[in-house]
Amino acid sequence: MLTDPLIAITNLRDDRSFYGYVPTEWICILFVVLYALSTATHLGQACWYHAWWMIPTACCCGILEILGWAARLWSSHSPGMAQPYEMQITCTILGPTPLIAATFVILGRIIDLLGTSYSRLGPKMYTIVFCSADVISLIVQAVGGAKAAAAVARGTSPVSGGHIMLGGIVFQLTIISVYALCGAEFFYRYLKDQPLRDPGTLHEENIRRGVLTKKLKVQAGALLFMTTCLWIRSVYRTIELADGWKGRIITTQVYFDVLDGAMVTLSIFALNFAHPGFLVGEPGKAASKFVDEEKTSLQ
């Protein structure tokens, strides 16, 4: 539970690590380089495809992760300093949240292209509902992270801030789980051709049943992969914070490197290789027009 002993200020005087270990330098450098490469690529892709919504989502995630891992790199040389530890707490807990928002937008676009009659929510409402919940999760985690980091700097207990962070992470995990279930239902209904409502009652610009093109298959596969990685990361973070600030999980470096760093890295690179600007176009573009273009290209 989050009722562990205080992080004593003597940690600073003894130059002992706040982490319970000293972050490995080459691992921190590796993640900084990988995130920088992906973020720069995302920025270029956003400009090339005019997918400007990728800047506050994927690019923002990359920047936060770069800052978080740069702070851990700093800690690898100065493990007893509070500043880099505070920085990495906040940045790595918040980093994936904008990327999760991107998955909501992408699924909304896929729903728009394949048929809104198979979804319980329309594409716009899908994005609004889940992105709004994601923003709430971001705010809660930010407040908790800032409070915990400030407590560490003062040499007092970060437990209360940890409770808030845990609440934000649990809420985010719930959001991802519900979103995944909604997405699974949509694809099941589409593949079985079992619409939830009469397609004839929909707006005339909406299509009844879109074509599952090769591009859409690639995007759907990438979305499934990303969602799985981000879900694993959220489960890990939930268990980590519940185990406490002196617990075995948070003080074991390999867990963080693999279940947080690697999961988010795989997700953000998956979006580089399966970029929505190329595969599904822009949100708001007429679905019927996009499908007609896809049919023409296939012919």
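# Exercises on a predicted helical model

The side chain of Q141 forms a polar contact with the side chain of S137, at 2.7 Å. The exercises below concern a predicted model.

**Exercise 1. Determine where Q141 lies, whether Q141 is buried or exposed, and which residues distant in sequence Q141 touches.**

Solution.
- Step 1. Locate the residue: Q141 belongs to helix 6, which runs over residues 123-154.
- Step 2. Classify the accessibility: the relative accessibility of Q141 is 0%, so Q141 counts as buried.
- Step 3. List the contacts: when residues up to four places away in sequence are set aside, Q141 touches I93, L94, T97, M165, G168, I169 and Q172.
- Step 4. Return to the polar contact, in which the side chains of Q141 and S137 meet at 2.7 Å. As background, residues three or four places apart in an α-helix point the same way, because such a helix has 3.6 residues a turn.

**Exercise 2. State the secondary-structure content of the protein, and compare the annotated transmembrane regions 93-114 and 126-144 with the helical content of the model.**

Solution.
- Step 1. Count the elements: the protein contains 11 helices and zero strands. Along the sequence the pattern is therefore α-α-α-α-α-α-α-α-α-α-α.
- Step 2. Consult the record: an unreviewed UniProt entry carries the annotation "transmembrane region" for residues 18-37, 49-73, 93-114, 126-144 and 164-188.
- Step 3. Examine residues 93-114: the chain there is 95% helix and 0% strand, with 34 Å between the end C-alpha atoms.
- Step 4. Examine residues 126-144: the chain there is 100% helix and 0% strand, with 27 Å between the end C-alpha atoms.

**Exercise 3. Test whether the end-to-end distances of helix 4 and helix 8 agree or disagree with 1.5 Å a residue.**

Solution.
- Step 1. For helix 4 (residues 82-94), 13 residues should span 18 Å. The end C-alpha atoms of helix 4 are 19 Å apart, which agrees.
- Step 2. For helix 8 (residues 214-243), 30 residues should span 44 Å. The end C-alpha atoms of helix 8 are 44 Å apart, in agreement with that value.
- Step 3. Note the burial in helix 4, where the buried residues include P84, Y85, Q88 and I89.
- Step 4. Inspect the residue just after helix 8: G244 there has a positive phi of about 105 degrees.

**Exercise 4. Identify where H50 and D193 lie, and state the sign of phi for each.**

Solution.
- Step 1. Recall the background: most residues other than glycine have a negative phi.
- Step 2. H50 is not a glycine, yet has a positive phi of about 55 degrees. H50 is placed in the loop between helix 2 and helix 3 (55-77).
- Step 3. D193 is likewise not a glycine and has a positive phi of about 55 degrees. D193 is placed in the loop between helix 7 (159-192) and helix 8.
- Step 4. D193 has 34% relative accessibility and so counts as partly exposed.

**Exercise 5. Explain why C60 has no bond to its closest cysteine sulfur, and state whether C59 and C60 are buried or partly exposed.**

Solution.
- Step 1. Begin with the total: the structure holds zero disulfides. C59 takes part in none, and the nearest cysteine sulfur, in C47, lies 8.1 Å away.
- Step 2. For C60, the closest cysteine sulfur is that of C61, at 7.7 Å, which is too far for a bond. The cut-off for a disulfide is within 2.5 Å.
- Step 3. C59, at 4% relative accessibility, counts as buried, whereas C60, at 29%, counts as partly exposed.

**Exercise 6. Describe the surroundings of F31 and L113, then state what share of contacts in the protein joins residues at least 24 apart.**

Solution.
- Step 1. F31 is part of helix 2 (residues 25-48) and counts as buried, at 7% relative accessibility.
- Step 2. Apart from neighbours within four places in sequence, F31 contacts W69, D257, G261, A262 and T265. F31 and G68 are 37 residues apart along the chain, with 9.8 Å between their C-alpha atoms.
- Step 3. L113, in helix 5 (residues 96-114), counts as buried at 0% relative accessibility. L113 and G210 are separated by 97 residues in sequence but by 5.7 Å from C-alpha to C-alpha.
- Step 4. Turn to the whole protein: of contacts between residues at least 6 apart in sequence, 81% join residues at least 24 apart. Buried residues account for 51% of the 299 residues.
- Step 5. The accessible surface is about 13,200 Å², and 68% of this surface belongs to carbon and sulfur atoms.

How values were computed: Residues numbered from 1 in each chain as written. Predicted model: local features only at pLDDT ≥ 70, side-chain atom pairs only at ≥ 80, totals over all residues. Heavy atoms only, no water. UniProt positions renumbered as here; feature names shortened; annotations may be inferred. Helix = DSSP H or I, 4+ residues; strand = E, 2+ residues; numbered from the N terminus. Buried < 20%, exposed > 50% of the residue type's maximum accessible area, 1.4 Å probe, protein only. Contact = heavy atoms within 4.5 Å. Areas by Shrake-Rupley, 256 points an atom, 1.4 Å probe, with all protein chains shown as cover. Expected span 1.5 Å × (residues − 1). Polar contact = N/O pair within 3.5 Å; in protein donor to acceptor, adjacent residues only side chain to side chain.
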